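Here are a few notes on the empty spaces inside this protein, written for someone new to looking at structures. Have the model open while you read.

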Amino acid sequence: MTLTETVAAEAEPVPARRRPDLIVAGLCLGLAVLVTGGLWADPNHRAIKVNSSDQAFFEWLLSYGAHAITHAENPLFTHLLNVPDGVNLAVNTSITVYAVLFAPLTLIAGPQWSFVVILTLNLAATGFGWYLLLSRRFGVGTLAAAVGGVFCGFAPGMVSHANAHLNWTAGWLVPLIVWRVFMLREPGRWLRNGLILGALVAAAFSIAAEGLFFTALACGVFLGTWALSRRDEARAALPTFVRGLAVTAGVAFALLSYPLWLHFFGPQRFHGTGFDPRVHAEDLAAYGAFPDRSLAGIAGLRTSLAPNPTEENSFFGVPLLVLTVMCFVLLWRTAPARRATLRALAVTAGVFAVLSLGPQLKVFGEITEILLPYKVVGSLPIFNAALPARLALVVAPVIGVLLAYAVDALPRPSRLWPAAFAVALLPLVPIPLTTVEYEPVPRFITSGAWREYVSEGGVIAPVPPTSDVLPDGQRWQAYALTHGQGEFAIPAGFFLGPGGPDGKGRIGPVPRPSAELLFEVARTGVVPPITDADRAAARDDLRYWDAEVVVLADRVHGAKWPAHPEALLRATTELLGPPERVDDVWLWRAP
């Protein structure tokens, strides 16, 4: 059987199946709303509990992107954060495509609404996208495609990353890219297909560059393995495929030339992440564990094997792993013509599962001395900017495809297989994400009163200084940008920038002395003895930032712990003197 038949890259046109399509689309949208329901209850004031800081970051990106395109500013570099150095958004997850497409909603309703709409549509579109790929191009039946598609869209890793990751939940990009990669071999259409795939690659780079890298690697491993089994067909298709791929590369490079320059050569760039790959690697036991936000999780079968709640990248559970092996054996025995495809799927899953384990094997939280292949590849360019645990996300679509193929090939009638699918999949049914109430943006900002104290583009220094766990400064700034109030800049911020060990990146800037002091006060609630040296350092920091005012709100949002505004008021008063009371904030005019 040819590649065309085995993966149905050029399957015969499927008759219109409007009703099943609508049912599957409705199911995917319903599950997506179920998962994100806590945010829909009050988008303006609710945040994802375990990751409100990333939510604030993405809301800021949507706000800044909408402001940038309506004010002709650079969407990939800004001096509004981290004054005076600025932030290179090209080396961050800029989601520029989303910022542009959803700019009208952001400017009308606010970034919180854009955030929850995008998050919900990401999940729904991922499931429906895989359903379309399986049913239209992989040639499986409607029920089989629905099972595989819904699993891919709501696999444990996708639901885990729904904890505020607009980039990783954009899994709908993967079936689109896979679809277009297979189309590159279409005779006589290499130019058109290359143009389409090049534009899609450029969009994917903006939304989820790390995910694009993983998708390209997975396609390479799959096609390389398949070609070894189908040498004659691969050799015949190669010239057309290479022409299309060359067009893809040319189009993507043309569209991404400036973002790529910024990424690798621009100001505030860095190479490699400061995260420890041993910590941010998948635990071997996690493959058989159950995820937190699932029926099994609420039944008490959750674990703490992930580095944090947003990184449950595998967590398939032992029953699903057993079912996957059963499906593979069934297909190997009953569909010998598909063995080349099955072999390629197995190799792809195996390669990514092993790489996801990181440089040293970790089992039940204990890092062993057993070295793994990632120890070698982890130092390579691009790999050194990725987290190995996320490579496990590639395994989920492989399982989804196997499940779809198996449903299509099941012997009928049969009671064993439906029971096996139920035992394996029901524990993984997702449940809503947990949410918490955001501290409100102070009236000092929402009323525009800040403009009486700060010049256009001037600097407000929030207390505590903005960081990944204390995101209020960026939330204030996002409000001002989307409500036509003008611009103010802030020191520090939540972003990835230079300053990490060995020239790698870090979250936020290297902290200034006063910022470090106030961060500890916010974290602990303890005000240390304030010396004249501390006061002199605070004045130096304000001059370095060119701050005009220092502002402390009555309520401060701490993403990981309470932020202690009373202690912050005492500490800042000892540093800068008595404040003014303006509306609902304490304000110090910078000397």
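1. Let's start with a lining. The residues around the second largest cavity split into 11 nonpolar, two polar and no charged. Keep in mind that this is a predicted model.

2. How big is that second largest cavity? Its volume is about 110 Å³. It is lined by 13 residues, and those closest to its centre are S514, L518, L542, W545 and V550. If you want to find the walls, look for β7 (459–463), α21 (513–524), α22 (532–545) and α23 (565–576), the elements that each give two or more residues to this lining.

3. Now zoom out a bit. How many cavities of 30 Å³ or more are there? The count is four, and the largest of them has a volume of about 650 Å³. Its lining takes in 38 residues, with W130, V174, T215, V394 and P397 closest to the centre.

4. Which elements give two or more residues to the lining of the largest cavity? They are α7 (111–137), α10 (173–183), α11 (190–229), α15 (339–356) and α17 (395–409). Helix α11 gives the most, with 10 residues.

5. Last, what classes of residue line the largest cavity? You'll find 31 nonpolar and seven polar residues there, and no charged ones. Flip back to the second largest cavity and its lining has no charged residues either.

Key: Residues numbered from 1 in each chain as written. Predicted model: local features only at pLDDT ≥ 70, side-chain atom pairs only at ≥ 80, totals over all residues. Heavy atoms only, no water. 1 Å grid on protein atoms, 1.4 Å probe; cavity = no way out; pocket = protein on both sides within 12 Å on 5 of 7 lines; lining within 4 Å. Points joined across faces, edges and corners; volume = space filled by probe spheres on them. Helix = DSSP H or I, 4+ residues; strand = E, 2+ residues; numbered from the N terminus. Nonpolar A, V, L, I, M, F, W, Y, C, P; charged D, E, K, R; others polar.
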